[in-house]
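Hi everyone, thanks for coming. I'd like to walk you through one structure today, a piece at a time, so please have it open in front of you.

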Number of protein chains: 2
Amino acid sequence: MIMVLAGGVGAARFLSGLIQVVNPADVVAVVNTGDDTELHGLSISPDIDTVIYTMSGSIDPERGWGLRDETWRAMGALERFETVRPAGSAAAPRWFNLGDTDLATHFYRTARVREGATLQQITEELRIAFGLSVAVVPMSNDSVRTIVHLADGPVPFQEYFVRLQHNVPVTRVEFVGAESAAFIDHSLLTDADTIVIAPSNPIVSIAPIRALAGVDSALTARRDSVVAISPIVAGAALKGPADRMLVELGHEPTVVGVARIYAPICGTLIIDSQDEHLVAAVEREGMRCIATDTIMSKPGVAASLARIAIDVPSNKGDH
Amino acid sequence: MIMVLAGGVGAARFLSGLIQVVNPADVVAVVNTGDDTELHGLSISPDIDTVIYTMSGSIDPERGWGLRDETWRAMGALERFETVRPAGSAAAPRWFNLGDTDLATHFYRTARVREGATLQQITEELRIAFGLSVAVVPMSNDSVRTIVHLADGPVPFQEYFVRLQHNVPVTRVEFVGAESAAFIDHSLLTDADTIVIAPSNPIVSIAPIRALAGVDSALTARRDSVVAISPIVAGAALKGPADRMLVELGHEPTVVGVARIYAPICGTLIIDSQDEHLVAAVEREGMRCIATDTIMSKPGVAASLARIAIDVPSNKGDH
């Protein structure tokens with residue numbers, strides 16, 4: 001069994017490749033819920049939806065989020081409230097786009113939350129609704145909220161990521177609720193043959209999972225069969241703010257910086273071929289290092305990357 | 001100043017006619033909120049929306065509810081959850097249609113409710129957003145929920161009205177919360193020159209307003225300047241279940257039955273010309289009675305009906 005610790009787009013693409021090379025029934029995706037949010041009264045789990053939509057082929061391939069063949073009529077109709085919203089009100093925000101057919105997913109999740117279903121139950125129902133045969137679970141059934149501290153004060157993750165377009169300096173990231181939230185299933189941490197840390201943002205996608213009690217220690221205890229894929233290629237994030245967040249929070253925005261973050265819990269770092277000259281530097285951080293093509297927008301890369309990742313533990317004797 | 005006690009479609013059409021014959025600034029529509037509901041986590045006020053949409057010319061004229069040029073993409077996308085909803089779950093119902101652009105209204109209302117705004121404040125903001133110059137207020141800022149008792153037990157009003165298509169016998173109607181809810185503005189009950197009871201369902205649209213403390217006694221004290229328009233024409237409701245509800249709850253499904261319900265609080269009943277033979281019977285219930293054309297789907301009828309209604313108090317000396 002292969003467990004993948006997952007954020008959004010990068011993880012979703014990796015998982016799509018993984019199920020091409022292993023039996024989908026042997027994969028469990030454990031997805032970050034720290035950037036879950038509530039908008040318009042709706043419960044929204046962006047990373048879970050991105051993983052389910054991507055793996056089921058429902059995703060809009062251009063945007064990398066939301067559903068294909070989407071329309072935006074509800075969002076457009078919010079415009080008429082722009083001028084009547086009183087000072088101090090944040091009602092009916094237009095900065096977080098929710099497509100008309102995507103809304104149905106949030107309607108379902110919201111209603112089930114109110115009926116008392118756990119996020120794991122709901123995610124399982126969504127998985128089936130989208131015809132996906134891979135287990136997808138939230139990192140926790142308990143609420144964890146990623147708060148990003150800016151010069152002006154703290155904001156919820158989606159405000160930083162979407163409204164401010166992650167274009168502001170970050171001083172600190174906090175996972176409110178993580179200290180009391182339970183990891184979804186501790187047996188996964190011991191029973192998985194391989195654990196893959198997907199090419200997601202180490203600071204806001206993977207760190208919330210690591211912040212749950214017992215996760216880091218379990219990973220540390222089995223770090224030889226934990227493999228991470230660097231989301232940083234040639235000093236830059238392929239998508240999102242991982243590179244500038246690394247700098248702002250005192251890390252090196254390179255695969256070496258990523259290695260320093262993951263070395264305690266992870267035996268191997270897979271980096272892009274463009275960073276092949278940094279293999280030795282990564283190894284000096286105490287990790288094995290494999291350089292290969294990791295840019296999954298190219299056809300076939302996700303599957304070959306997945307094959308390399310899952311071969312790591314069985315190959316470790318070769319090195 | 002003219003106060004109109006209003007339900008949904010019939011009241012909205014009457015109000016549209018009224019503002020053609022009087023200064024819109026002199027009209028206050030007090031709207032039933034007993035059939036407000038929550039669906040998908042969204043706060044929905046069907047009668048308020050019907051009044052605002054109709055008076056602002058935004059309503060879909062065919063359906064009589066919802067916005068014109070509407071699409072139904074979100075509703076359509078709910079279909080995929082039909083088969084995954086567990087037994088006992090009512091998540092993501094498809095029996096209550098919410099158009100894509102209509103959703104924006106519910107998003108705004110829901111967010112403002114959560115910010116602590118009163119329903120009156122929100123309704124005022126919606127009124128401005130739709131460019132309407134007539135005061136529209138909810139009957140109360142407090143929650144009142146119309147519960148319809150059926151043979152099988154009680155259901156919320158929208159389940160009866162929409163899901164069951166009001167095609168089941170009613171044994172009792174209850175307004176939960178009405179005993180502790182405050183009427184929106186008692187000064188309206190004394191200061192209005194005329195109070196019009198719109199051609200709405202007496203049992204589920206007007207009765208919730210009457211159930212609020214002080215309303216019936218204030219109307220009784222000034223019944224000479226209270227005018228009702230019968231929603232029953234030739235023994236049938238023009239729309240909705242008013243006729244069969246009257247029968248099921250022991251009333252006569254005629255303008256005489258309506259007269260018996262309104263006589264204590266209302267001096268005049270306007271009935272349709274088709275019921276002219278019942279003028280004397282209505283008068284025997286202690287009301288003045290005017291027969292005229294009341295079917296507002298015909299052009300010009302709403303305005304002429306409104307003119308007759310507001311002339312009633314000043315003409316009372318003539319009789």
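Let me start with a question: which residue follows helix 5 of chain B, and what is the sign of its phi? It is G131(B), and its phi is positive, near 70°. Before we go further, please keep in mind that this is a predicted model.

Let's stay with helix 5 of chain B for a moment. Its buried residues are L119(B), I122(B), T123(B), E125(B), L126(B), R127(B) and A129(B). What lies over them? The cover includes helix 2, helix 4 and strand 5 (135-138) of chain B. If you like patterns, look at the spacing in that list with this in mind: an α-helix has 3.6 residues a turn, so residues three or four places apart point the same way.

Now compare that with helix 8 of chain B, residues 202-210. How many of its nine residues are buried? Nine of the nine are, so this helix is mostly covered. You can tick them off on your screen: P202(B), I203(B), V204(B), S205(B), I206(B), A207(B), P208(B), I209(B) and R210(B).

Next, how the two chains go together. Two copies of a chain are related by a rotation about an axis and a shift along it. Here, chain B is superposed on chain A by a rotation of 180° with 0.0 Å of shift along the axis, and the RMSD is 0.0 Å. That is the relation of a two-fold axis. And which residue of chain B comes closest to the rotation axis? It is G41(B), with its C-alpha at 2.8 Å. Both copies use the same surface, too: 100% of the contact residues of chain B recur in chain A.

So who is touching whom? On each side the number is 28: 28 residues of chain B are in contact with 28 residues of chain A. On the chain B side, the elements giving two or more residues are helix 3 (73-77), helix 4 (100-114) and helix 5 (119-129). Helix 4 of chain B gives the most, with ten residues. By type, the chain B side divides into 15 nonpolar, six polar and seven charged residues.

From there we can go inside. In soluble globular proteins, nonpolar side chains tend to be buried together. The largest nonpolar core in this model has 214 residues, and V4(A) and V4(B) have the most contacts inside it. Leaving out neighbours within four places in sequence, V4(A) is in contact with A11(A), F14(A), L15(A), L18(A), V27(A), A29(A), V30(A), V196(A) and A198(A).

Let's hop over to chain B and look at A11(B), which lies in helix 1 (residues 9-21). Buried or exposed? A11(B) counts as buried because it has 31 C-beta neighbours inside 10 Å, and 20 are enough for that label. Not counting residues up to four places away in sequence, A11(B) touches V4(B), A6(B), V51(B), A198(B) and S200(B).

Back in chain A, helix 1 has a partner. Helix 1 (residues 9-21) and helix 2 (residues 46-55) of chain A pack at an angle of about 35°, with their axes 9 Å apart. Their crossing is right-handed. Helix 1 of chain A brings V9(A), A11(A), A12(A), R13(A), L15(A), S16(A) and I19(A) to the contact, and helix 2 of chain A brings T50(A), V51(A), T54(A) and M55(A). Those residues divide into seven nonpolar, three polar and one charged.

Finally, a quick tour of some loops. D69(B) sits in the loop between helix 2 (46-55) and helix 3 of chain B. It has a positive phi of about 55° although it is not a glycine. With 9 C-beta neighbours inside 10 Å, D69(B) counts as exposed. A234(A), in the loop between strand 11 (232-233) and strand 12 (236-237) of chain A, also has a positive phi, near 55°. A234(A) is partly exposed, with 14 other C-beta atoms within 10 Å.

My last stop is K298(A), in the loop between strand 14 (288-292) and helix 13 (301-315) of chain A. K298(A) is exposed, with 10 other C-beta atoms within 10 Å. Thanks for listening!

Definitions and conventions: Residues numbered from 1 in each chain as written. Chains lettered and ligands numbered in written order. Predicted model: local features only at pLDDT ≥ 70, side-chain atom pairs only at ≥ 80, totals over all residues. Axes fitted to C-alpha atoms, helices over the stretch in contact; angles between N-to-C directions. Helix = DSSP H or I, 4+ residues; strand = E, 2+ residues; numbered from the N terminus. Left-handed = near helix turned anticlockwise from the far one by under 90°. Contact = placed C-beta atoms within 7 Å. Nonpolar A, V, L, I, M, F, W, Y, C, P; charged D, E, K, R; others polar. Least-squares fit on C-alpha atoms with pLDDT ≥ 70 in both. Buried ≥ 20, exposed ≤ 12 C-beta atoms within 10 Å, placed from the backbone. Core = buried A, V, L, I, M, F, W, Y, C linked by C-beta atoms within 7 Å.
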